[in-house]
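Got your viewer open? Let's take a short walk through this protein, one selection at a time.

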Amino acid sequence: MSDYMIGKFIRSVEMDDAVLARYIADPAAYVREWLAGGSGPEAATDDRILSPEEQAAFAARDYGALFRLGAHPYLLWHFTEAIYEHEYTEGFGWRELVERYRAAIAPAGGPSA
């Protein structure tokens, strides 16, 4: 388990709209793609590793599991917000997303209210 790699994966998805779209379309495929390595100058030195539990949590878009596995709550919140933006803006609403997020990660001890 690596909190650093969890954060690195989150940032790779959240910071690029094209990547975000690929992840949303097929999270498991994007996890495999990400693990296969990067492109550009980082590719030769990039040692991307996620445990099987981390891979499963990213593939399932399970932010509660990601928090339990060590995802930073600030990064995880923005990741969750980006992934579910389409669904909450056209469906259940931002406030409910916040409540779902809190309910999912509260059993693991955070975040504080």
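Start by selecting Asp 26. Is this residue buried, partly exposed or exposed? Asp 26 has a relative accessibility of 35%, so it counts as partly exposed, since that class runs between the 20% and 50% cut-offs. Keep in mind that you're looking at a predicted model.

Now look at what sits on either side of Asp 26. The residue lies in the loop between helix H2, residues 17-25, and helix H3. Next, add Ala 60 to your selection and draw a distance between the two C-alpha atoms. Asp 26 and Ala 60 are 34 residues apart in sequence, yet their C-alpha atoms are 9.8 Å apart in space.

**Stop two: H3 and H4**

Select residues 27-36 for helix H3 and residues 52-59 for helix H4. Their axes come within 8 Å and cross at roughly 135°. H3 and H4 are therefore oblique to each other. Which residues meet here? Show side chains for Pro 27, Ala 28, Val 31 and Leu 35 in H3, then for Gln 55, Phe 58 and Ala 59 in H4. Sorted by class, the contact has six nonpolar residues, one polar residue and no charged ones.

**Stop three: H6 and H7**

Move along the chain to helix H6, residues 73-92, and helix H7, residues 94-105. Here the axes come within 9 Å, with a crossing of roughly 140°. That makes H6 and H7 oblique to each other too, and their crossing is right-handed. Turn on the side chains that make the contact. On H6, pick Pro 73, Leu 76, Trp 77, Thr 80, Glu 81, Tyr 84, Tyr 88 and Phe 92. On H7, pick Trp 94, Glu 96, Leu 97, Val 98, Arg 100, Tyr 101 and Ile 105. Colour them by class and you should get eleven nonpolar, one polar and three charged residues.

**Last stop: zoom out**

Clear your selections and show the whole chain as a cartoon. How many helices and strands are there? The protein has seven helices and zero strands, so from the N terminus the pattern reads α-α-α-α-α-α-α.

Now switch on the surface. The protein exposes about 6,300 Å², and carbon and sulfur atoms supply 54% of that. Of the 113 residues, 39% are buried. Finally, take the contacts in the protein with a separation of 6 or more: residues 24 or more positions apart account for 54% of them.

Note on methods: Residues numbered from 1 in each chain as written. Predicted model: local features only at pLDDT ≥ 70, side-chain atom pairs only at ≥ 80, totals over all residues. Heavy atoms only, no water. Helix = DSSP H or I, 4+ residues; strand = E, 2+ residues; numbered from the N terminus. Buried < 20%, exposed > 50% of the residue type's maximum accessible area, 1.4 Å probe, protein only. Contact = heavy atoms within 4.5 Å. Areas by Shrake-Rupley, 256 points an atom, 1.4 Å probe, with all protein chains shown as cover. Axes fitted to C-alpha atoms, helices over the stretch in contact; angles between N-to-C directions. Parallel < 35°, antiparallel > 145°, perpendicular 65-115°, else oblique. Left-handed = near helix turned anticlockwise from the far one by under 90°. Nonpolar A, V, L, I, M, F, W, Y, C, P; charged D, E, K, R; others polar.
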